[in-house]
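User: Please take a close look at the aromatic side chains in this protein, and then follow the chain outward into the parts around them. I am in my first year, so I would like the cut-off for each term as it comes up.

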Amino acid sequence: MIRRAARAGRDVAVLLDDFGHRLPAVPAPPRAARDRGPFAELVPRRGPRGRGRGRAATPAPLSVWRMTSEQTPVVWPLIATSGLPPTGAQMGIDLLSGGAFYCDPVGWVTDETIPVTNPNVVVFGKPGRGKSATVKAFALRMLGYGYRILVLGDTKDEYEPLCRALGVEPFAIGPGLPTRVNPLAFGPLGHDWEHLGAAEARRREALVFARWLVLIRGLVGSQSVPFGPVEETAVGEALRLLTGYRTAATRLAEPTIPRLWRALDEPPDELVAGCRYADRRHFLDATRLLRDALGALVKGSLAGLFDDHTTVAVDWRAPIQSLSLSRLEPLGDSAVGIALTCLNSWGQAMREIADPGDLRIVIRDETWRQMRLGPEAMKSLDANLRLSRRDADVQILLAHKPSDMLTAGDAASQAVAIARDLLHLCDVKVLHGQDQAVGDELGASLGLTPTAQRVVTGWAVAGKGRALWLVGDRAFQVQTVLTGPELRLTYTNEALTGGPA
(Lines give C-alpha, C1' and ligand atoms only; values in the text may rest on other atoms or scores of the structure.)
Protein backbone atom coordinates (compact mmCIF):
# COMPACT_ATOMS: atom_id res chain seq x y z
CA MET A 1 0.00 0.00 0.00
CA ILE A 2 1.48 3.30 -1.11
CA ARG A 3 1.27 6.06 1.42
CA ARG A 4 1.14 9.66 0.27
CA ALA A 5 2.64 12.35 2.37
CA ALA A 6 0.06 14.84 3.41
CA ARG A 7 0.70 18.21 1.89
CA ALA A 8 -0.25 21.40 3.47
CA GLY A 9 -2.41 23.17 0.90
CA ARG A 10 -2.67 26.88 0.32
CA ASP A 11 -5.99 28.59 0.80
CA VAL A 12 -7.68 30.86 -1.73
CA ALA A 13 -6.47 34.06 -0.09
CA VAL A 14 -2.80 33.04 -0.55
CA LEU A 15 -3.31 32.02 -4.22
CA LEU A 16 -4.98 35.32 -5.09
CA ASP A 17 -2.22 37.19 -3.30
CA ASP A 18 0.33 35.63 -5.71
CA PHE A 19 -1.47 37.37 -8.57
CA GLY A 20 -1.69 40.71 -6.77
CA HIS A 21 -5.23 40.36 -5.53
CA ARG A 22 -5.89 40.76 -1.79
CA LEU A 23 -9.16 39.93 -0.20
CA PRO A 24 -10.44 42.26 2.57
CA ALA A 25 -9.71 40.93 6.03
CA VAL A 26 -12.68 39.74 8.03
CA PRO A 27 -12.68 41.48 11.44
CA ALA A 28 -12.64 39.16 14.42
CA PRO A 29 -15.88 39.14 16.43
CA PRO A 30 -15.65 41.41 19.48
CA ARG A 31 -15.06 39.60 22.73
CA ALA A 32 -17.72 40.20 25.32
CA ALA A 33 -16.51 42.16 28.30
CA ARG A 34 -16.21 39.89 31.29
CA ASP A 35 -17.58 41.00 34.64
CA ARG A 36 -14.72 41.55 36.99
CA GLY A 37 -15.34 39.45 40.06
CA PRO A 38 -13.79 39.71 43.48
CA PHE A 39 -10.67 37.86 42.21
CA ALA A 40 -8.27 39.23 39.57
CA GLU A 41 -7.81 35.84 37.91
CA LEU A 42 -9.13 32.32 38.19
CA VAL A 43 -7.05 29.95 40.25
CA PRO A 44 -6.35 26.51 38.73
CA ARG A 45 -7.97 23.56 40.40
CA ARG A 46 -4.61 22.36 41.67
CA GLY A 47 -3.59 25.80 42.86
CA PRO A 48 -1.18 28.37 41.39
CA ARG A 49 2.27 27.31 40.30
CA GLY A 50 5.36 28.59 42.04
CA ARG A 51 7.33 28.24 45.22
CA GLY A 52 5.13 28.45 48.29
CA ARG A 53 1.99 29.04 46.18
CA GLY A 54 -0.02 26.09 47.48
CA ARG A 55 0.29 23.78 44.47
CA ALA A 56 -1.50 20.45 45.11
CA ALA A 57 -0.67 17.10 43.55
CA THR A 58 -4.34 16.40 42.95
CA PRO A 59 -7.28 18.78 42.63
CA ALA A 60 -9.41 19.33 45.74
CA PRO A 61 -12.70 17.37 45.65
CA LEU A 62 -14.87 20.49 45.86
CA SER A 63 -17.99 21.41 43.99
CA VAL A 64 -19.14 24.97 43.46
CA TRP A 65 -22.79 25.96 43.72
CA ARG A 66 -24.38 29.32 43.17
CA MET A 67 -27.71 30.16 44.85
CA THR A 68 -29.60 32.88 46.64
CA SER A 69 -29.71 33.41 50.40
CA GLU A 70 -33.28 32.12 50.42
CA GLN A 71 -32.20 28.84 48.83
CA THR A 72 -29.17 28.28 51.06
CA PRO A 73 -31.06 27.13 54.19
CA VAL A 74 -32.79 24.43 52.11
CA VAL A 75 -29.45 22.92 51.06
CA TRP A 76 -27.83 23.50 54.50
CA PRO A 77 -30.67 23.70 57.09
CA LEU A 78 -28.35 24.05 60.10
CA ILE A 79 -27.68 27.72 59.37
CA ALA A 80 -29.41 29.74 62.14
CA THR A 81 -30.49 33.35 62.24
CA SER A 82 -30.69 35.58 65.29
CA GLY A 83 -34.50 35.47 65.43
CA LEU A 84 -34.67 38.74 67.43
CA PRO A 85 -34.65 42.31 66.16
CA PRO A 86 -31.46 44.34 66.74
CA THR A 87 -33.02 46.69 69.32
CA GLY A 88 -32.00 47.53 72.87
CA ALA A 89 -28.67 46.78 74.53
CA GLN A 90 -26.12 44.85 72.49
CA MET A 91 -25.01 42.18 74.96
CA GLY A 92 -22.55 40.09 72.99
CA ILE A 93 -22.41 37.26 70.46
CA ASP A 94 -25.11 34.73 69.72
CA LEU A 95 -23.07 31.58 69.21
CA LEU A 96 -25.87 29.78 67.36
CA SER A 97 -26.13 32.34 64.57
CA GLY A 98 -22.74 34.01 64.82
CA GLY A 99 -24.34 37.45 64.97
CA ALA A 100 -24.80 40.05 67.67
CA PHE A 101 -27.34 39.49 70.45
CA TYR A 102 -29.51 42.38 71.67
CA CYS A 103 -31.65 42.55 74.81
CA ASP A 104 -34.80 44.69 74.81
CA PRO A 105 -37.44 43.28 77.24
CA VAL A 106 -39.98 46.09 76.77
CA GLY A 107 -39.52 46.01 72.99
CA TRP A 108 -40.03 42.25 73.02
CA VAL A 109 -43.35 42.68 74.86
CA THR A 110 -44.63 45.15 72.26
CA ASP A 111 -43.51 42.94 69.34
CA GLU A 112 -46.26 40.41 68.68
CA THR A 113 -43.88 38.11 66.79
CA ILE A 114 -41.86 37.44 69.96
CA PRO A 115 -43.47 35.13 72.58
CA VAL A 116 -42.93 37.50 75.55
CA THR A 117 -45.82 38.96 77.57
CA ASN A 118 -43.92 40.69 80.40
CA PRO A 119 -40.55 42.45 80.66
CA ASN A 120 -39.40 40.70 83.85
CA VAL A 121 -36.00 38.97 83.85
CA VAL A 122 -34.68 36.31 86.22
CA VAL A 123 -30.94 35.57 86.25
CA PHE A 124 -29.52 32.33 87.68
CA GLY A 125 -25.88 31.40 87.93
CA LYS A 126 -23.21 29.86 90.07
CA PRO A 127 -21.10 32.49 91.91
CA GLY A 128 -18.32 33.76 89.70
CA ARG A 129 -19.98 32.91 86.39
CA GLY A 130 -20.70 36.55 85.45
CA LYS A 131 -24.39 37.04 86.24
CA SER A 132 -23.80 40.35 88.08
CA ALA A 133 -21.57 41.64 85.29
CA THR A 134 -24.22 40.76 82.70
CA VAL A 135 -26.92 42.63 84.64
CA LYS A 136 -24.72 45.68 85.18
CA ALA A 137 -23.68 45.79 81.52
CA PHE A 138 -27.33 45.57 80.44
CA ALA A 139 -28.37 48.36 82.83
CA LEU A 140 -25.49 50.61 81.74
CA ARG A 141 -26.17 50.16 78.04
CA MET A 142 -29.91 50.79 78.44
CA LEU A 143 -29.17 54.26 79.87
CA GLY A 144 -28.70 55.42 76.29
CA TYR A 145 -32.30 54.43 75.53
CA GLY A 146 -33.85 56.62 78.26
CA TYR A 147 -33.95 54.07 81.07
CA ARG A 148 -32.99 54.75 84.71
CA ILE A 149 -31.70 52.25 87.24
CA LEU A 150 -33.11 51.57 90.71
CA VAL A 151 -31.30 49.07 92.94
CA LEU A 152 -33.67 48.10 95.75
CA GLY A 153 -31.28 46.58 98.23
CA ASP A 154 -27.59 46.31 97.33
CA THR A 155 -26.71 43.56 99.78
CA LYS A 156 -23.02 43.36 98.81
CA ASP A 157 -22.22 46.94 97.75
CA GLU A 158 -21.70 45.74 94.18
CA TYR A 159 -23.41 48.77 92.64
CA GLU A 160 -21.62 51.52 94.56
CA PRO A 161 -18.82 51.85 91.93
CA LEU A 162 -21.50 52.02 89.25
CA CYS A 163 -23.31 54.83 91.08
CA ARG A 164 -20.18 56.90 91.61
CA ALA A 165 -19.12 56.44 87.99
CA LEU A 166 -22.48 57.98 87.02
CA GLY A 167 -22.08 60.86 89.48
CA VAL A 168 -24.56 59.59 92.09
CA GLU A 169 -23.76 58.90 95.74
CA PRO A 170 -25.52 55.71 96.91
CA PHE A 171 -27.50 55.62 100.15
CA ALA A 172 -26.56 53.20 102.92
CA ILE A 173 -28.87 51.84 105.60
CA GLY A 174 -27.59 50.24 108.79
CA PRO A 175 -27.24 50.50 112.55
CA GLY A 176 -25.79 53.85 113.61
CA LEU A 177 -26.29 55.49 110.19
CA PRO A 178 -28.56 58.54 109.84
CA THR A 179 -30.44 57.18 106.82
CA ARG A 180 -34.10 56.37 107.45
CA VAL A 181 -36.64 54.98 104.99
CA ASN A 182 -40.33 55.01 105.84
CA PRO A 183 -42.03 52.07 104.10
CA LEU A 184 -45.40 53.68 104.92
CA ALA A 185 -44.63 56.80 102.89
CA PHE A 186 -47.42 58.17 100.74
CA GLY A 187 -45.18 58.71 97.77
CA PRO A 188 -46.50 60.78 94.86
CA LEU A 189 -50.08 59.72 95.66
CA GLY A 190 -50.09 62.00 98.71
CA HIS A 191 -49.30 65.19 96.78
CA ASP A 192 -51.99 67.91 96.57
CA TRP A 193 -54.47 65.83 98.55
CA GLU A 194 -56.38 68.94 99.62
CA HIS A 195 -57.15 69.78 95.99
CA LEU A 196 -58.41 66.34 94.97
CA GLY A 197 -61.99 65.59 94.06
CA ALA A 198 -63.93 62.95 95.94
CA ALA A 199 -63.56 60.29 93.23
CA GLU A 200 -59.79 60.81 92.83
CA ALA A 201 -59.33 60.81 96.62
CA ARG A 202 -61.12 57.48 96.90
CA ARG A 203 -59.02 56.02 94.07
CA ARG A 204 -55.74 57.08 95.67
CA GLU A 205 -56.92 55.94 99.10
CA ALA A 206 -57.59 52.46 97.75
CA LEU A 207 -54.10 52.25 96.20
CA VAL A 208 -52.24 53.58 99.24
CA PHE A 209 -53.99 51.51 101.89
CA ALA A 210 -53.83 48.36 99.76
CA ARG A 211 -50.05 48.76 99.45
CA TRP A 212 -49.71 49.36 103.19
CA LEU A 213 -51.75 46.27 104.01
CA VAL A 214 -49.57 44.12 101.75
CA LEU A 215 -46.48 45.43 103.56
CA ILE A 216 -47.85 44.93 107.09
CA ARG A 217 -49.08 41.47 106.13
CA GLY A 218 -45.59 40.57 104.97
CA LEU A 219 -43.87 42.01 108.05
CA VAL A 220 -46.26 40.27 110.44
CA GLY A 221 -46.04 37.04 108.46
CA SER A 222 -42.23 37.13 108.76
CA GLN A 223 -42.75 36.66 112.52
CA SER A 224 -44.81 33.50 111.85
CA VAL A 225 -47.97 35.31 112.97
CA PRO A 226 -51.19 34.80 110.98
CA PHE A 227 -52.72 37.86 109.33
CA GLY A 228 -56.41 37.25 108.81
CA PRO A 229 -59.53 39.40 108.52
CA VAL A 230 -59.34 40.45 112.18
CA GLU A 231 -55.79 41.76 111.82
CA GLU A 232 -56.52 43.36 108.47
CA THR A 233 -59.51 45.24 109.85
CA ALA A 234 -57.56 46.50 112.88
CA VAL A 235 -54.56 47.66 110.81
CA GLY A 236 -56.68 49.28 108.12
CA GLU A 237 -58.81 51.19 110.62
CA ALA A 238 -55.74 52.28 112.60
CA LEU A 239 -54.02 53.61 109.47
CA ARG A 240 -57.10 55.58 108.43
CA LEU A 241 -57.28 57.19 111.87
CA LEU A 242 -53.55 57.98 111.95
CA THR A 243 -53.59 59.64 108.53
CA GLY A 244 -56.78 61.60 109.21
CA TYR A 245 -58.62 60.02 106.29
CA ARG A 246 -61.35 58.70 108.60
CA THR A 247 -62.03 62.25 109.85
CA ALA A 248 -61.96 63.70 106.30
CA ALA A 249 -58.81 65.76 106.93
CA THR A 250 -57.76 67.93 103.99
CA ARG A 251 -54.06 67.26 104.63
CA LEU A 252 -53.17 63.67 105.52
CA ALA A 253 -50.49 62.82 108.08
CA GLU A 254 -47.88 60.26 107.07
CA PRO A 255 -47.87 57.26 109.44
CA THR A 256 -44.89 55.20 110.58
CA ILE A 257 -44.62 51.65 111.85
CA PRO A 258 -43.98 52.73 115.50
CA ARG A 259 -47.06 55.01 115.40
CA LEU A 260 -49.12 52.14 114.03
CA TRP A 261 -47.87 49.83 116.77
CA ARG A 262 -48.65 52.37 119.52
CA ALA A 263 -52.12 52.98 118.09
CA LEU A 264 -52.83 49.25 118.29
CA ASP A 265 -51.18 48.83 121.69
CA GLU A 266 -53.03 51.80 123.20
CA PRO A 267 -56.18 51.92 121.08
CA PRO A 268 -58.36 55.03 121.19
CA ASP A 269 -62.09 54.65 121.54
CA GLU A 270 -62.59 55.47 117.85
CA LEU A 271 -60.43 52.50 116.86
CA VAL A 272 -62.22 50.08 119.19
CA ALA A 273 -65.60 51.22 117.91
CA GLY A 274 -64.51 51.19 114.28
CA CYS A 275 -63.39 47.57 114.60
CA ARG A 276 -66.72 46.65 116.24
CA TYR A 277 -65.34 45.41 119.56
CA ALA A 278 -67.38 45.49 122.75
CA ASP A 279 -64.67 47.21 124.77
CA ARG A 280 -60.96 47.97 124.91
CA ARG A 281 -60.08 44.67 126.61
CA HIS A 282 -61.82 42.71 123.86
CA PHE A 283 -59.76 44.59 121.22
CA LEU A 284 -56.47 43.95 123.04
CA ASP A 285 -57.14 40.23 123.44
CA ALA A 286 -58.02 39.81 119.77
CA THR A 287 -54.94 41.67 118.49
CA ARG A 288 -52.30 40.41 120.94
CA LEU A 289 -50.25 38.45 118.40
CA LEU A 290 -50.45 41.27 115.87
CA ARG A 291 -49.20 43.82 118.39
CA ASP A 292 -46.40 41.55 119.57
CA ALA A 293 -45.19 41.01 115.99
CA LEU A 294 -45.12 44.74 115.22
CA GLY A 295 -43.49 45.46 118.57
CA ALA A 296 -40.71 42.98 117.80
CA LEU A 297 -39.98 44.85 114.57
CA VAL A 298 -39.99 48.25 116.26
CA LYS A 299 -37.77 47.22 119.18
CA GLY A 300 -35.79 44.45 117.49
CA SER A 301 -32.70 44.32 115.30
CA LEU A 302 -34.11 46.77 112.73
CA ALA A 303 -34.88 49.47 115.28
CA GLY A 304 -33.88 52.88 113.97
CA LEU A 305 -33.94 51.91 110.28
CA PHE A 306 -37.57 51.88 109.12
CA ASP A 307 -39.32 53.47 112.11
CA ASP A 308 -39.24 57.15 111.17
CA HIS A 309 -39.92 59.43 108.24
CA THR A 310 -37.63 59.15 105.23
CA THR A 311 -34.48 61.24 105.62
CA VAL A 312 -33.03 60.82 102.13
CA ALA A 313 -33.94 63.11 99.25
CA VAL A 314 -33.93 60.78 96.27
CA ASP A 315 -33.39 62.39 92.88
CA TRP A 316 -35.62 60.24 90.71
CA ARG A 317 -34.31 61.99 87.59
CA ALA A 318 -30.77 60.73 88.23
CA PRO A 319 -29.51 57.88 86.01
CA ILE A 320 -29.22 55.49 88.98
CA GLN A 321 -30.27 55.23 92.62
CA SER A 322 -29.13 52.53 95.01
CA LEU A 323 -29.79 51.67 98.66
CA SER A 324 -27.06 49.60 100.26
CA LEU A 325 -27.94 46.93 102.87
CA SER A 326 -24.50 45.44 103.37
CA ARG A 327 -24.34 46.86 106.91
CA LEU A 328 -27.23 44.56 107.85
CA GLU A 329 -25.33 41.35 107.04
CA PRO A 330 -24.28 40.75 110.69
CA LEU A 331 -27.96 40.79 111.67
CA GLY A 332 -28.75 37.67 109.62
CA ASP A 333 -30.79 36.70 106.59
CA SER A 334 -34.11 37.42 108.31
CA ALA A 335 -33.18 41.03 108.99
CA VAL A 336 -32.02 41.53 105.40
CA GLY A 337 -35.21 39.92 104.11
CA ILE A 338 -37.39 42.23 106.22
CA ALA A 339 -35.39 45.23 104.99
CA LEU A 340 -35.90 44.10 101.38
CA THR A 341 -39.65 43.86 102.04
CA CYS A 342 -39.72 47.40 103.43
CA LEU A 343 -37.69 48.76 100.53
CA ASN A 344 -39.97 46.94 98.12
CA SER A 345 -43.01 48.82 99.45
CA TRP A 346 -41.14 52.13 99.56
CA GLY A 347 -39.90 51.73 95.99
CA GLN A 348 -43.40 50.87 94.80
CA ALA A 349 -44.72 54.04 96.44
CA MET A 350 -42.20 56.16 94.57
CA ARG A 351 -43.31 54.62 91.25
CA GLU A 352 -47.09 54.73 91.68
CA ILE A 353 -47.43 57.92 89.63
CA ALA A 354 -44.66 57.94 87.05
CA ASP A 355 -44.33 60.34 84.16
CA PRO A 356 -45.17 58.92 80.72
CA GLY A 357 -42.06 57.37 79.23
CA ASP A 358 -40.27 57.14 82.60
CA LEU A 359 -38.73 53.72 82.03
CA ARG A 360 -36.98 52.08 84.95
CA ILE A 361 -34.77 49.02 85.43
CA VAL A 362 -35.37 47.70 88.96
CA ILE A 363 -32.62 45.34 90.16
CA ARG A 364 -33.45 42.98 93.03
CA ASP A 365 -30.47 41.03 94.30
CA GLU A 366 -30.65 38.15 96.79
CA THR A 367 -34.44 37.90 96.41
CA TRP A 368 -34.39 34.46 98.06
CA ARG A 369 -33.88 36.15 101.43
CA GLN A 370 -37.18 37.95 101.10
CA MET A 371 -38.90 34.78 99.91
CA ARG A 372 -37.81 32.85 102.97
CA LEU A 373 -39.89 35.15 105.18
CA GLY A 374 -43.00 33.27 104.11
CA PRO A 375 -45.89 33.54 101.67
CA GLU A 376 -47.07 36.95 102.85
CA ALA A 377 -43.70 38.55 102.13
CA MET A 378 -43.60 36.86 98.73
CA LYS A 379 -46.99 38.29 97.79
CA SER A 380 -45.47 41.77 97.86
CA LEU A 381 -42.82 40.78 95.34
CA ASP A 382 -45.43 38.93 93.30
CA ALA A 383 -47.52 42.12 93.06
CA ASN A 384 -44.56 44.10 91.72
CA LEU A 385 -43.83 41.55 89.02
CA ARG A 386 -47.45 41.52 87.93
CA LEU A 387 -47.54 45.33 87.70
CA SER A 388 -44.28 45.70 85.77
CA ARG A 389 -46.12 45.81 82.45
CA ARG A 390 -48.33 48.66 83.71
CA ASP A 391 -45.46 50.62 85.24
CA ALA A 392 -43.06 50.11 82.27
CA ASP A 393 -40.48 48.64 84.66
CA VAL A 394 -37.97 45.95 83.83
CA GLN A 395 -37.80 43.91 87.04
CA ILE A 396 -34.57 41.88 87.29
CA LEU A 397 -34.30 39.13 89.92
CA LEU A 398 -30.92 37.57 90.71
CA ALA A 399 -30.41 34.22 92.44
CA HIS A 400 -27.94 31.35 92.38
CA LYS A 401 -30.37 28.60 91.35
CA PRO A 402 -34.13 27.95 91.22
CA SER A 403 -34.11 25.94 94.45
CA ASP A 404 -33.14 29.12 96.34
CA MET A 405 -36.61 30.44 95.61
CA LEU A 406 -38.31 27.15 96.44
CA THR A 407 -36.95 27.03 100.02
CA ALA A 408 -39.70 29.36 101.24
CA GLY A 409 -41.61 26.44 102.74
CA ASP A 410 -42.58 22.81 102.39
CA ALA A 411 -42.92 21.31 98.94
CA ALA A 412 -46.73 21.50 99.03
CA SER A 413 -46.93 24.86 100.82
CA GLN A 414 -48.48 28.04 99.50
CA ALA A 415 -45.10 29.80 99.62
CA VAL A 416 -43.53 27.28 97.23
CA ALA A 417 -46.53 27.57 94.90
CA ILE A 418 -46.07 31.35 94.78
CA ALA A 419 -42.34 30.91 94.17
CA ARG A 420 -43.05 28.69 91.17
CA ASP A 421 -45.47 31.28 89.83
CA LEU A 422 -42.78 33.95 90.17
CA LEU A 423 -40.60 32.00 87.75
CA HIS A 424 -43.42 32.00 85.22
CA LEU A 425 -43.89 35.77 85.70
CA CYS A 426 -40.41 36.24 84.21
CA ASP A 427 -40.60 35.53 80.48
CA VAL A 428 -36.87 36.17 80.05
CA LYS A 429 -34.53 33.78 81.85
CA VAL A 430 -30.73 34.04 81.78
CA LEU A 431 -29.00 30.83 82.86
CA HIS A 432 -25.29 31.12 83.57
CA GLY A 433 -23.01 28.19 84.35
CA GLN A 434 -24.17 25.65 86.94
CA ASP A 435 -22.88 22.42 88.43
CA GLN A 436 -24.05 19.14 87.00
CA ALA A 437 -26.27 18.53 90.03
CA VAL A 438 -28.35 21.60 89.14
CA GLY A 439 -29.09 20.36 85.62
CA ASP A 440 -32.02 18.14 86.63
CA GLU A 441 -33.35 20.93 88.84
CA LEU A 442 -33.31 23.34 85.90
CA GLY A 443 -35.09 20.81 83.75
CA ALA A 444 -37.82 20.27 86.33
CA SER A 445 -38.31 23.94 87.24
CA LEU A 446 -37.97 25.56 83.82
CA GLY A 447 -38.74 22.71 81.46
CA LEU A 448 -35.29 22.64 79.87
CA THR A 449 -34.47 20.00 77.29
CA PRO A 450 -31.44 17.73 77.88
CA THR A 451 -29.52 19.67 75.21
CA ALA A 452 -30.22 22.99 76.95
CA GLN A 453 -29.18 21.48 80.29
CA ARG A 454 -25.85 20.41 78.80
CA VAL A 455 -25.28 23.95 77.53
CA VAL A 456 -25.75 25.34 81.05
CA THR A 457 -23.74 22.67 82.85
CA GLY A 458 -21.04 22.33 80.18
CA TRP A 459 -20.41 25.17 77.79
CA ALA A 460 -21.54 27.97 80.15
CA VAL A 461 -19.27 26.71 82.94
CA ALA A 462 -16.17 26.90 80.72
CA GLY A 463 -16.09 30.72 80.61
CA LYS A 464 -17.41 33.82 82.37
CA GLY A 465 -20.31 35.63 80.79
CA ARG A 466 -21.59 32.58 78.95
CA ALA A 467 -25.31 31.96 79.39
CA LEU A 468 -28.33 30.33 77.87
CA TRP A 469 -30.93 33.04 77.27
CA LEU A 470 -34.55 31.89 77.20
CA VAL A 471 -36.72 34.54 75.54
CA GLY A 472 -40.17 33.06 75.81
CA ASP A 473 -39.81 29.63 74.22
CA ARG A 474 -36.72 30.56 72.19
CA ALA A 475 -33.20 29.68 73.31
CA PHE A 476 -30.02 31.62 72.53
CA GLN A 477 -26.45 30.67 73.41
CA VAL A 478 -24.87 34.04 74.25
CA GLN A 479 -21.39 35.15 75.23
CA THR A 480 -21.52 38.52 76.97
CA VAL A 481 -18.79 40.90 75.79
CA LEU A 482 -17.63 43.67 78.16
CA THR A 483 -15.66 46.79 77.32
CA GLY A 484 -12.61 47.89 79.32
CA PRO A 485 -14.49 50.40 81.49
CA GLU A 486 -17.28 47.89 82.08
CA LEU A 487 -14.78 45.30 83.24
CA ARG A 488 -13.55 47.68 85.92
CA LEU A 489 -17.07 48.65 87.02
CA THR A 490 -18.35 45.08 87.15
CA TYR A 491 -15.38 43.51 88.93
CA THR A 492 -16.55 41.78 92.12
CA ASN A 493 -13.45 39.92 93.31
CA GLU A 494 -11.78 42.73 95.28
CA ALA A 495 -12.04 40.74 98.49
CA LEU A 496 -10.24 37.78 96.88
CA THR A 497 -7.55 39.65 94.96
CA GLY A 498 -7.01 42.59 97.31
CA GLY A 499 -7.71 45.28 94.73
CA PRO A 500 -9.63 46.30 91.63
CA ALA A 501 -9.32 44.61 88.26
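Analyst: The charged end of lysine 136 lies over the ring of tyrosine 159, at 5.3 Å from the ring centre; a charge counts as sitting over a ring if NZ of Lys or CZ of Arg is within 6 Å of the ring centre and within 35 degrees of the ring normal. This is a predicted model, in which local features need pLDDT of at least 70 and side-chain atom pairs count only at pLDDT 80 or more, while totals for chains, interfaces and linings use all residues. Residues are numbered from 1 along each chain as its sequence is written, and side-chain values use heavy atoms, with hydrogens and water left out.

A second charge over a ring belongs to arginine 240, whose charged end is 4.4 Å from the centre of the ring of phenylalanine 209. That phenylalanine is also part of an aromatic cluster, together with Phe186, Trp212 and Tyr245. Rings of Phe, Tyr and Trp (its six-membered ring) are paired if their centres lie within 6.5 Å, and the pair is called stacked if the planes are under 30 degrees apart, edge-to-face if over 60, and tilted for the rest. Counted in this way, there are 6 aromatic pairs. One of them is the tilted pair of phenylalanine 101 and phenylalanine 476, with 5.5 Å from centre to centre and 50 degrees between the planes. Phenylalanine 101 belongs to strand β2 and phenylalanine 476 to strand β11 (residues 474-480), so this pair connects distant parts of the chain, 375 residues apart. Strands (E, at least two residues) and helices (H or I, at least four) are DSSP runs, numbered from the N terminus. Both rings are covered, since phenylalanine 101 has a relative accessible area of 3% and phenylalanine 476 one of 5%; buried means under 20% relative accessible area, exposed over 50%, and partly exposed in between (1.4 Å probe, protein chains only).

Phenylalanine 186 and tryptophan 212 also make a tilted pair, because their ring centres are 5.2 Å apart and their planes meet at 55 degrees. The first of these residues is in the loop between β5 and α6 (198-221) and the second in helix α6, so the pair ties together parts of the chain 26 residues apart in sequence. Phenylalanine 186 is buried at a relative accessible area of 8%, and tryptophan 212 is buried at 0%.

The strand that holds phenylalanine 476 deserves a look of its own. In β11, 5 of the 7 residues are buried, so that the strand is mostly covered. Strand β1 (residues 89-94) runs antiparallel to β11 and is joined to β11 by 3 bridges, two strands being paired if DSSP finds at least two bridges between them. Within this pairing, isoleucine 93 stands opposite glutamine 479. Strand β10 (residues 466-471) is also antiparallel to β11, over 6 bridges, and valine 471 has arginine 474 as its bridge partner. The hairpin of β10 and β11 has 2 residues between the strands, and there glycine 472 takes a positive phi near 65 degrees.

These strands belong to an open sheet of 11 strands with mixed pairing, in the order β2-β1-β11-β10-β9-β3-β8-β7-β4-β6-β5. Its edge strands, β2 (100-103) and β5 (171-172), each pair on one side only. At the β5 edge, the pairing with strand β6 (residues 320-324) is parallel and has 2 bridges, and phenylalanine 171 has leucine 323 as its bridge partner in β6.

Arginine 141, in helix α4 (residues 131-142), counts as buried at 18% relative accessibility. A polar atom of the side chain of arginine 141 is 2.4 Å from the backbone oxygen of glutamine 90. Leaving aside residues up to four places away in sequence, arginine 141 touches Ala89, Gln90, Met91, Val481, Leu482, Thr483 and Glu486, where contact means heavy atoms within 4.5 Å.

Over the whole protein there are 20 helices and 11 strands, and 48% of the 501 residues count as buried. Among contacts between residues at least 6 apart in sequence, 71% join residues at least 24 apart.

Notes: Polar contact = N/O pair within 3.5 Å; in protein donor to acceptor, adjacent residues only side chain to side chain.
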